[in-house]
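Reader: Could you take me through one part of this model slowly? I'd like a close look at how the helices pack against one another.

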Amino acid sequence: MGEVIEPDALVLGAGGTLGEAWLRGVLNGLEASAGLDFRECEYLLGTSAGSIVAATLAAGRRPDAGERAAREWARAVPDEIEEEPETARFEVVGKAARAAATPFANVALSVTAPAGRVARAVVLRRAPRPDRTLGGLGGQIEALGARFDGRLRISAVDRGNGKRVMFGAPDAPRATVAEAVLASCSVPWLFSPVQIGEREYVDGGVWSPTNLDAVPSGNGSRVLALVPTAGAAMTPLRTATSLALSRETSALRGRGATVTTIVPDDASLKAMGPNLMDASRRDAVATAGYAQGRRAA
(Lines give C-alpha, C1' and ligand atoms only; values in the text may rest on other atoms or scores of the structure.)
Protein backbone atom coordinates (compact mmCIF):
# COMPACT_ATOMS: atom_id res chain seq x y z
CA MET A 1 0.00 0.00 0.00
CA GLY A 2 1.35 3.41 -0.97
CA GLU A 3 0.86 6.77 0.69
CA VAL A 4 -2.74 7.34 1.77
CA ILE A 5 -4.28 10.52 0.38
CA GLU A 6 -7.75 11.87 1.04
CA PRO A 7 -10.12 9.73 -1.04
CA ASP A 8 -13.19 10.73 -2.99
CA ALA A 9 -15.00 7.73 -1.49
CA LEU A 10 -14.42 5.96 1.81
CA VAL A 11 -15.67 2.38 2.19
CA LEU A 12 -15.93 0.93 5.71
CA GLY A 13 -16.52 -2.79 5.96
CA ALA A 14 -18.24 -5.18 8.36
CA GLY A 15 -16.49 -6.66 11.38
CA GLY A 16 -18.52 -6.65 14.58
CA THR A 17 -17.84 -4.45 17.58
CA LEU A 18 -14.10 -5.02 17.24
CA GLY A 19 -14.23 -4.15 13.57
CA GLU A 20 -15.82 -0.83 14.48
CA ALA A 21 -13.08 -0.15 17.04
CA TRP A 22 -10.38 -0.95 14.47
CA LEU A 23 -12.01 1.27 11.83
CA ARG A 24 -12.18 4.16 14.25
CA GLY A 25 -8.60 3.64 15.38
CA VAL A 26 -7.19 3.49 11.85
CA LEU A 27 -9.08 6.61 10.75
CA ASN A 28 -7.91 8.51 13.82
CA GLY A 29 -4.33 7.44 13.15
CA LEU A 30 -4.51 8.49 9.50
CA GLU A 31 -6.01 11.85 10.39
CA ALA A 32 -3.41 12.52 13.07
CA SER A 33 -0.42 11.66 10.90
CA ALA A 34 -1.49 12.81 7.44
CA GLY A 35 -3.81 15.68 8.28
CA LEU A 36 -6.73 13.99 6.55
CA ASP A 37 -10.37 14.79 7.27
CA PHE A 38 -12.61 11.95 6.19
CA ARG A 39 -15.74 14.02 6.86
CA GLU A 40 -14.96 15.75 3.57
CA CYS A 41 -15.25 12.64 1.41
CA GLU A 42 -17.66 12.85 -1.51
CA TYR A 43 -19.10 9.44 -0.63
CA LEU A 44 -19.20 7.43 2.58
CA LEU A 45 -20.27 3.79 2.37
CA GLY A 46 -20.69 1.59 5.44
CA THR A 47 -21.59 -2.02 6.09
CA SER A 48 -22.58 -3.25 9.56
CA ALA A 49 -19.78 -1.98 11.84
CA GLY A 50 -18.77 0.38 9.06
CA SER A 51 -22.26 1.86 8.93
CA ILE A 52 -21.82 3.28 12.44
CA VAL A 53 -18.57 5.00 11.50
CA ALA A 54 -19.88 6.18 8.12
CA ALA A 55 -22.97 7.71 9.76
CA THR A 56 -20.75 9.42 12.32
CA LEU A 57 -18.63 11.02 9.58
CA ALA A 58 -21.71 11.99 7.56
CA ALA A 59 -23.00 13.81 10.64
CA GLY A 60 -19.88 15.98 10.51
CA ARG A 61 -18.35 14.31 13.56
CA ARG A 62 -14.89 12.89 14.14
CA PRO A 63 -14.69 9.07 14.21
CA ASP A 64 -14.64 8.92 18.03
CA ALA A 65 -18.05 10.58 18.23
CA GLY A 66 -19.68 7.29 17.27
CA GLU A 67 -18.06 5.28 20.06
CA ARG A 68 -21.12 5.47 22.33
CA ALA A 69 -23.30 4.06 19.57
CA ALA A 70 -20.87 1.20 19.02
CA ARG A 71 -20.79 0.42 22.74
CA GLU A 72 -24.58 0.21 22.75
CA TRP A 73 -24.29 -2.37 19.96
CA ALA A 74 -21.73 -4.31 21.98
CA ARG A 75 -23.93 -4.27 25.09
CA ALA A 76 -26.80 -5.79 23.13
CA VAL A 77 -24.78 -8.88 22.18
CA PRO A 78 -25.73 -11.99 24.19
CA ASP A 79 -23.22 -13.25 26.73
CA GLU A 80 -23.00 -16.55 24.89
CA ILE A 81 -23.08 -16.86 21.10
CA GLU A 82 -24.09 -20.17 19.63
CA GLU A 83 -21.24 -21.27 17.38
CA GLU A 84 -23.33 -23.42 15.09
CA PRO A 85 -26.89 -22.15 14.59
CA GLU A 86 -29.46 -24.71 13.55
CA THR A 87 -29.68 -22.84 10.24
CA ALA A 88 -26.16 -23.91 9.43
CA ARG A 89 -27.30 -27.50 9.27
CA PHE A 90 -30.08 -26.97 6.72
CA GLU A 91 -29.29 -28.91 3.58
CA VAL A 92 -31.44 -26.80 1.24
CA VAL A 93 -28.63 -24.40 0.37
CA GLY A 94 -25.70 -26.76 0.68
CA LYS A 95 -22.27 -25.27 1.17
CA ALA A 96 -23.53 -21.69 1.53
CA ALA A 97 -25.62 -22.60 4.55
CA ARG A 98 -22.93 -24.75 6.15
CA ALA A 99 -20.53 -21.82 5.86
CA ALA A 100 -22.81 -19.86 8.18
CA ALA A 101 -21.48 -21.76 11.17
CA THR A 102 -20.78 -18.63 13.21
CA PRO A 103 -22.64 -15.31 13.35
CA PHE A 104 -20.03 -13.43 11.35
CA ALA A 105 -19.51 -16.16 8.83
CA ASN A 106 -22.85 -15.06 7.40
CA VAL A 107 -20.86 -13.14 4.78
CA ALA A 108 -20.05 -16.54 3.32
CA LEU A 109 -23.58 -16.40 1.93
CA SER A 110 -22.36 -13.73 -0.51
CA VAL A 111 -22.13 -16.20 -3.35
CA THR A 112 -22.79 -15.22 -6.95
CA ALA A 113 -26.23 -13.94 -7.97
CA PRO A 114 -28.86 -15.03 -8.80
CA ALA A 115 -28.26 -18.34 -7.03
CA GLY A 116 -26.70 -16.49 -4.13
CA ARG A 117 -29.76 -14.32 -3.69
CA VAL A 118 -32.00 -17.38 -3.52
CA ALA A 119 -29.68 -19.10 -1.03
CA ARG A 120 -29.57 -16.04 1.20
CA ALA A 121 -33.33 -15.66 1.16
CA VAL A 122 -33.89 -19.32 2.07
CA VAL A 123 -31.40 -19.25 4.94
CA LEU A 124 -32.65 -15.94 6.29
CA ARG A 125 -36.32 -16.90 6.16
CA ARG A 126 -35.69 -20.20 7.97
CA ALA A 127 -33.26 -18.81 10.53
CA PRO A 128 -34.37 -18.37 14.14
CA ARG A 129 -35.81 -14.92 14.93
CA PRO A 130 -34.19 -13.59 18.11
CA ASP A 131 -36.23 -11.18 20.22
CA ARG A 132 -33.13 -9.08 20.87
CA THR A 133 -33.32 -5.59 19.30
CA LEU A 134 -30.92 -2.69 18.91
CA GLY A 135 -32.97 0.20 20.23
CA GLY A 136 -30.07 1.61 22.24
CA LEU A 137 -27.91 1.80 19.12
CA GLY A 138 -30.71 3.54 17.23
CA GLY A 139 -31.00 6.24 19.88
CA GLN A 140 -27.28 6.94 19.76
CA ILE A 141 -27.28 7.18 15.97
CA GLU A 142 -30.25 9.56 16.08
CA ALA A 143 -28.32 11.74 18.52
CA LEU A 144 -25.45 12.10 16.03
CA GLY A 145 -27.79 13.95 13.67
CA ALA A 146 -26.78 12.26 10.42
CA ARG A 147 -29.06 12.60 7.41
CA PHE A 148 -29.05 11.06 3.96
CA ASP A 149 -27.69 13.95 1.93
CA GLY A 150 -26.55 12.14 -1.19
CA ARG A 151 -23.13 11.19 0.22
CA LEU A 152 -24.00 8.43 2.65
CA ARG A 153 -24.71 4.84 1.61
CA ILE A 154 -25.56 2.08 4.10
CA SER A 155 -25.91 -1.54 3.04
CA ALA A 156 -28.49 -4.03 4.25
CA VAL A 157 -30.14 -7.17 2.90
CA ASP A 158 -33.85 -7.68 2.34
CA ARG A 159 -34.69 -10.71 4.46
CA GLY A 160 -37.53 -11.80 2.20
CA ASN A 161 -35.77 -11.88 -1.16
CA GLY A 162 -32.05 -11.88 -0.30
CA LYS A 163 -31.34 -8.73 -2.31
CA ARG A 164 -28.93 -6.00 -1.30
CA VAL A 165 -30.31 -2.55 -0.55
CA MET A 166 -28.10 0.53 -0.37
CA PHE A 167 -29.97 2.97 1.82
CA GLY A 168 -29.21 6.53 0.80
CA ALA A 169 -28.94 5.68 -2.90
CA PRO A 170 -31.45 7.42 -5.20
CA ASP A 171 -33.44 4.23 -5.87
CA ALA A 172 -33.42 2.91 -2.28
CA PRO A 173 -36.46 2.63 0.00
CA ARG A 174 -36.97 5.61 2.26
CA ALA A 175 -35.45 5.27 5.72
CA THR A 176 -33.82 7.36 8.39
CA VAL A 177 -30.09 6.95 8.94
CA ALA A 178 -30.80 5.37 12.32
CA GLU A 179 -33.15 2.80 10.75
CA ALA A 180 -30.59 1.98 8.05
CA VAL A 181 -27.76 1.54 10.57
CA LEU A 182 -29.94 -0.69 12.75
CA ALA A 183 -30.72 -2.85 9.71
CA SER A 184 -27.08 -3.00 8.65
CA CYS A 185 -26.01 -4.06 12.17
CA SER A 186 -28.75 -6.65 12.70
CA VAL A 187 -26.60 -9.76 12.51
CA PRO A 188 -28.77 -12.82 11.79
CA TRP A 189 -28.98 -15.29 14.69
CA LEU A 190 -28.05 -12.48 17.11
CA PHE A 191 -30.62 -9.71 16.53
CA SER A 192 -34.16 -9.40 15.27
CA PRO A 193 -34.60 -8.16 11.69
CA VAL A 194 -35.42 -4.48 11.34
CA GLN A 195 -38.68 -3.52 9.65
CA ILE A 196 -38.60 -0.48 7.38
CA GLY A 197 -41.84 0.14 5.54
CA GLU A 198 -43.30 -3.22 4.58
CA ARG A 199 -39.96 -5.06 4.41
CA GLU A 200 -37.56 -6.64 6.90
CA TYR A 201 -33.81 -6.11 6.67
CA VAL A 202 -30.68 -7.66 8.16
CA ASP A 203 -26.92 -7.11 8.27
CA GLY A 204 -25.40 -5.83 5.01
CA GLY A 205 -22.51 -8.26 5.54
CA VAL A 206 -24.84 -11.07 4.47
CA TRP A 207 -24.34 -9.76 0.92
CA SER A 208 -20.70 -8.69 1.19
CA PRO A 209 -18.27 -7.72 3.98
CA THR A 210 -17.39 -4.57 2.01
CA ASN A 211 -20.04 -3.83 -0.67
CA LEU A 212 -17.23 -1.95 -2.36
CA ASP A 213 -18.81 -2.28 -5.80
CA ALA A 214 -21.76 -0.11 -4.69
CA VAL A 215 -19.61 3.03 -4.50
CA PRO A 216 -20.68 5.67 -7.04
CA SER A 217 -17.33 6.04 -8.75
CA GLY A 218 -15.96 6.53 -12.21
CA ASN A 219 -12.82 7.25 -14.13
CA GLY A 220 -10.26 8.95 -11.90
CA SER A 221 -12.11 8.40 -8.62
CA ARG A 222 -9.98 7.62 -5.58
CA VAL A 223 -11.51 4.98 -3.30
CA LEU A 224 -10.14 3.95 0.09
CA ALA A 225 -11.54 0.75 1.61
CA LEU A 226 -10.95 -0.38 5.21
CA VAL A 227 -11.68 -4.09 5.57
CA PRO A 228 -11.74 -5.39 9.19
CA THR A 229 -12.54 -9.02 8.29
CA ALA A 230 -9.54 -9.57 6.01
CA GLY A 231 -7.29 -11.98 7.88
CA ALA A 232 -10.03 -12.91 10.36
CA ALA A 233 -9.45 -15.97 12.54
CA MET A 234 -12.57 -17.70 11.17
CA THR A 235 -11.67 -19.33 7.85
CA PRO A 236 -15.13 -19.00 6.17
CA LEU A 237 -15.20 -15.30 6.98
CA ARG A 238 -11.63 -14.72 5.82
CA THR A 239 -12.28 -16.62 2.57
CA ALA A 240 -15.54 -14.79 1.86
CA THR A 241 -13.84 -11.46 2.47
CA SER A 242 -10.97 -12.28 0.13
CA LEU A 243 -13.31 -13.36 -2.65
CA ALA A 244 -15.58 -10.35 -2.28
CA LEU A 245 -12.72 -7.89 -2.08
CA SER A 246 -11.05 -9.28 -5.21
CA ARG A 247 -14.27 -9.28 -7.21
CA GLU A 248 -15.43 -5.84 -6.10
CA THR A 249 -12.02 -4.17 -6.45
CA SER A 250 -11.78 -5.47 -10.01
CA ALA A 251 -15.23 -4.06 -10.77
CA LEU A 252 -14.26 -0.60 -9.52
CA ARG A 253 -10.94 -0.60 -11.34
CA GLY A 254 -12.79 -1.60 -14.47
CA ARG A 255 -14.72 1.65 -14.12
CA GLY A 256 -11.47 3.59 -13.96
CA ALA A 257 -11.26 4.09 -10.20
CA THR A 258 -8.08 3.88 -8.14
CA VAL A 259 -8.66 1.58 -5.16
CA THR A 260 -6.54 1.47 -2.01
CA THR A 261 -7.30 -1.07 0.71
CA ILE A 262 -6.23 -1.24 4.33
CA VAL A 263 -6.61 -4.53 6.20
CA PRO A 264 -5.67 -5.35 9.81
CA ASP A 265 -1.95 -5.86 10.32
CA ASP A 266 -0.54 -8.56 12.59
CA ALA A 267 -0.76 -6.40 15.71
CA SER A 268 -4.38 -5.51 15.02
CA LEU A 269 -5.31 -9.13 14.30
CA LYS A 270 -3.69 -10.21 17.56
CA ALA A 271 -5.65 -7.57 19.46
CA MET A 272 -8.90 -8.70 17.82
CA GLY A 273 -8.59 -12.38 18.63
CA PRO A 274 -11.11 -14.95 17.35
CA ASN A 275 -14.38 -13.30 18.45
CA LEU A 276 -15.28 -10.07 16.67
CA MET A 277 -18.05 -9.38 19.21
CA ASP A 278 -15.77 -9.53 22.28
CA ALA A 279 -16.38 -6.07 23.74
CA SER A 280 -13.65 -6.50 26.35
CA ARG A 281 -11.06 -6.07 23.58
CA ARG A 282 -12.45 -2.83 22.11
CA ASP A 283 -9.93 -0.44 23.65
CA ALA A 284 -6.95 -2.62 22.76
CA VAL A 285 -8.18 -2.97 19.17
CA ALA A 286 -8.74 0.76 18.78
CA THR A 287 -5.21 1.38 20.07
CA ALA A 288 -3.73 -1.14 17.65
CA GLY A 289 -5.75 0.37 14.81
CA TYR A 290 -4.55 3.86 15.69
CA ALA A 291 -0.92 2.71 15.60
CA GLN A 292 -1.55 1.02 12.25
CA GLY A 293 -3.13 4.19 10.87
CA ARG A 294 -0.15 6.26 11.99
CA ARG A 295 2.21 3.86 10.22
CA ALA A 296 0.08 3.74 7.07
CA ALA A 297 0.13 7.54 6.78
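Author: Sure, let's start with the crossing of α2 and α7, which is left-handed (left-handed means the near helix is turned anticlockwise from the far one by less than a right angle, right-handed means clockwise). Helices here are DSSP runs of H or I with at least four residues, strands are runs of E with at least two, and both are numbered from the N terminus.

Before going on, a word on what you're looking at. This is a predicted model, where local features need pLDDT of at least 70, side-chain atom pairs count only at pLDDT 80 or more, and totals for chains, interfaces and linings use all residues. Residues are numbered from 1 along each chain as its sequence is written, and side-chain values use heavy atoms, with hydrogens and water left out.

Back to our pair: α2 covers residues 49–58 and α7 covers residues 177–184, and they pack at about 160° with their axes 8 Å apart. (Axes are lines fitted to C-alpha atoms, for helices over the stretch in contact, and angles run from 0 to 180 degrees between N-to-C directions.) That angle makes α2 roughly antiparallel to α7; the cut-offs are under 35 degrees for roughly parallel, over 145 for roughly antiparallel, 65 to 115 for roughly perpendicular, and oblique for the rest.

Who does the touching? On the α2 side you'll find S51, I52 and A55, and on the α7 side V177, V181 and S184, where contact means heavy atoms within 4.5 Å. By class, this contact has four nonpolar residues, two polar and no charged. (Ala, Val, Leu, Ile, Met, Phe, Trp, Tyr, Cys and Pro count as nonpolar, Asp, Glu, Lys and Arg as charged, and the others, Gly among them, as polar.)

Now look at α2 and another partner, α1. The axes of α1 and α2 come within 7 Å and cross at roughly 40°, which makes α1 oblique to α2. This crossing is right-handed. Here G16, G19, E20, L23 and L27 of α1 meet A49, G50, V53 and L57 of α2, and the residues divide into five nonpolar, three polar and one charged.

Helix α1 (residues 16–34) also packs with α3 (residues 67–76): their axes come within 9 Å and cross at roughly 165°, so these two are roughly antiparallel. α1 passes α3 in a left-handed crossing. From α1, the contact uses G16, T17, E20 and R24, and from α3 it uses E67, A70, W73 and A74. That gives three nonpolar, two polar and three charged residues.

How far should you trust the picture? Use pLDDT, the predictor's confidence in each residue from 0 to 100: the chain's mean is 85, and 86% of its residues reach 70 or more. Confidence is highest in strand β1 (residues 9–12), at 98, and lowest in helix α4 (residues 94–98), at a mean of 31.
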